[in-house]
Amino acid sequence: MTTIRLTNSKTRRKEEFVPLDPANVRMYVCGPTVYDRAHLGNARPVVVFDTLYRLLRHVYGADHVTYVRNFTDVDDKINAEAQRRKALGRPETLEELIRERTEETIAWYHADMDALGALRPGHEPRATEFIGAMIAMIEGLIGRGHAYAVDGHVLFRVRSYKDYGALSGRSVDDMIAGARVEVAPYKEDPMDFVLWKPSDADLPGWDSPWGRGRPGWHIECSAMSYELLGDSFDIHGGGLDLQFPHHENEIAQSCCAHPQGQFARYWLHNEMLQVEGKKMSKSLGNFFTVRDLLNKGIPGEVIRFVLLSTHYRKPMDWRRGTVTAARKELRNWWFATEEVKLAAGADDTFVDALADDLNTSDAINRLRELYKAKEFSKLRASANLLGLLLPGTDPWFRPKVDDLVRGKVESVFALRQRVRAEKDYVTSDFLRAVLEVAGVTVADGKNPTWIASFAGQERGWKKLAELSEDESERFVNFDSLASIARSRHVWLSSEIDSNNNLTDGHVVIVDEVPETIDVDLLYELVRVAGYDV
Ligand SMILES: Nc1ncnc2c1ncn2[C@@H]1O[C@H](COP(=O)(O)OP(=O)(O)OP(=O)(O)O)[C@@H](O)[C@H]1O
Ligand SMILES: [Zn+2]
């Protein structure tokens with residue numbers, strides 16, 4: 001059996017992963033607060049832990065892994081959005097509007113994360129469904145002297161748990177110095193954190209021994225993981241930004257409420273997705289959503305590939321160039337593997353890379369070697385383990401010929417037929433080249449026709465990419481075209497980098513286009529081929 005090694009934040013070491021029960025490997029990952037669309041940073045833990053989930057299923061069997069990821073559906077930001085809708089005159093109750101907000105956000109989350117090829121976890125508990133379990137846990141903590149109730153609040157007594165701070169490796173006093181701890185009159189110690197707090201009469205609340213109120217954020221994860229996974233389970237995951245205070249508090253609550261258990265044995269934290277060196281976050285406003293990228297036409301599979309190209313324990317930036325390269329590479333893999341039978345399983349070296357602390361960047365390098373060695377069956381099986389090249393993926397890699405585009409191709413094609421009939425072969429060759437770049441192959445003959453084909457697209461593209469600047473002008477018959485009376489300059493060329501090499505990231509249309517040719521149409525065609533204009 002493959003040995004998985006994971007860097008455990010708790011011990012700060014890479015350790016062999018030995019599950020408590022190989023027949024039921026259990027993992028909990030902190031999920032989103034459902035008040036708005038997920039940004040790309042939020043997608044990083046989803047893709048990272050989905051990949052770990054896939055690896056665990058591969059090693060222990062698909063039916064032997066339990067994956068829980070919660071939805072935090074109690075939050076001031078959710079309430080604020082519902083109140084805004086109410087203020088706009090919506091007739092529903094605030095409760096209904098809150099429900100509407102969380103439902104729509106969860107549906108967006110599912111759609112966006114599905115698009116990234118993430119499997120849905122086996123359990124997706126919502127905090128509001130586990131309030132009873134939270135109250136029971138808080139009562140237990142009070143009973144054991146780890147928590148106290150004051151003025152409708154219940155607070156966790158941090159100094160009652162001697163190991164507090166062990167996960168982040170800091171002492172309580174250091175943490176107080178470094179953190180923005182809220183000082184409040186009802187706290188015995190500024191470090192104590194909220195387990196339960198009162199709710200305003202018009203906001204969601206639940207009856208409890210301490211009055212009508214709602215749970216603190218940290219107790220949600222402790223209660224839901226206990227209910228669904230028990231007092232000891234294998235892996236707890238989340239972003240590094242949650243290590244302190246959220247995870248530190250989860251540990252304190254769970255270990256004090258269930259001292260007989262170990263709570264989570266392996267803690268995994270993904271590093272941050274950054275924008276110019278800063279964490280992408282809603283509060284900094286430096287974010288874009290997964291949906292923004294999908295709407296721009298970047299396929300979810302490509303986003304996933306880019307996210308996995310960097311090891312999860314390293315910070316990463318989102319760069320446009322990486323997207324173009326990923327798109328091209330995945331497209332090659334798709335076309336190489338689409339027809340192959342899945343005879344071979346995943347490649348051993350690939351699995352070893354993945355099992356070595358989820359080294360997805362090494363694993364992707366191994367995929368590159370498999371592609372080069374034409375081991376296509378292994379390539380596909382291995383890529384599947386990363387959630388790539390999956391059957392049923394939207395075939396984004398093929399030129400899409402929707403009706404609008406079809407109409408445009410038809411009109412260029414018809415124009416070409418006309419100039420051919422007039423024996424204007426220069427223009428007709430030019431139009432053929434344009435269609436080729438757009439992935440459309442023209443078949444002359446008795447019944448001239450066209451087909452949208454990857455082969456045509458690749459051929460056209462390679463020609464452009466491989467040709468020198470001079471040649472690329474000739475390729476589209478620049479000189480000849482210029483000689484046509486009505487025409488002005490037109491050519492297609494790849495972008496030229498600082499070393500004067502033609503790069504293969506872009507097709508640029510420069511200068512003016514003959515009156516006979518509709519510029520928008522030209523642009524549209526190049527876009528259809530999947531290139532940036
Ligand atoms: N920039 C980022 N890079 C990687 N992971 C992130 C990033 N931002 C948030 N996460 C992770 O996303 C998950 C969901 O977090 P949560 O819903 O609390 O985020 P949020 O509060 O909406 O985000 P923000 O930090 O932008 O306010 C958590 O595991 C968190 O660690
Ligand atoms: Zn959590």
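Two strands are taken to pair if DSSP finds at least two bridges between them; the exercises below apply this to a predicted model.

**Exercise 1.** Identify the strands that pair with β6, and state which residues stand opposite F156.

*Solution.* Begin with strand β5 (residues 147-150), which is joined to β6 by 4 bridges and runs antiparallel to it. Within this pair, F156 of β6 has A147 opposite it. The connection between β5 and β6 is a hairpin with 2 residues between the strands, and D151 in the turn has a positive phi of about 50 degrees. Turn next to strand β7 (residues 193-198), where 3 bridges make the link to β6, again in an antiparallel arrangement. Here F156 stands opposite F193 of β7.

**Exercise 2.** Decide whether the residues on the two faces of β6 (residues 153-156) are buried or exposed.

*Solution.* In a regular strand, side chains alternate between the two faces of the sheet, so the faces have to be examined separately. On one side of β6 lie H153 and L155, and on the other lie V154 and F156. A residue counts as buried if 20 or more other C-beta atoms lie within 10 Å of its own. H153, L155, V154 and F156 are all buried, and both faces of β6 are therefore covered.

**Exercise 3.** Describe which parts of the chain supply the shell around ligand 1.

*Solution.* Ligand 1 is surrounded by 19 residues, the closest being P32, G41, G239, L273 and S281. By element, α1 (40-60) and β9 (232-239) each supply at least two residues, and α1 gives the most, with 4 residues. By domain, at least three residues come from each of domain 1 (25-270) and domain 2 (281-386). By character, the shell comprises 7 nonpolar, 8 polar and 4 charged residues.

Methods:
Residues are numbered from 1 along each chain as its sequence is written. Chains are lettered from A and ligands numbered from 1 in the order in which they are written. This is a predicted model: local features need pLDDT of at least 70, side-chain atom pairs count only at pLDDT 80 or more; totals for chains, interfaces and linings use all residues. A residue is near a molecule or strand if its C-beta atom, placed from the backbone, lies within 6 Å of it. Ala, Val, Leu, Ile, Met, Phe, Trp, Tyr, Cys and Pro count as nonpolar, Asp, Glu, Lys and Arg as charged, and the others, Gly among them, as polar. Domain bounds come from an automatic or database domain assignment. A residue is buried if 20 or more other C-beta atoms lie within 10 Å of its own, exposed if 12 or fewer, and partly exposed in between; C-beta atoms are placed from the backbone.
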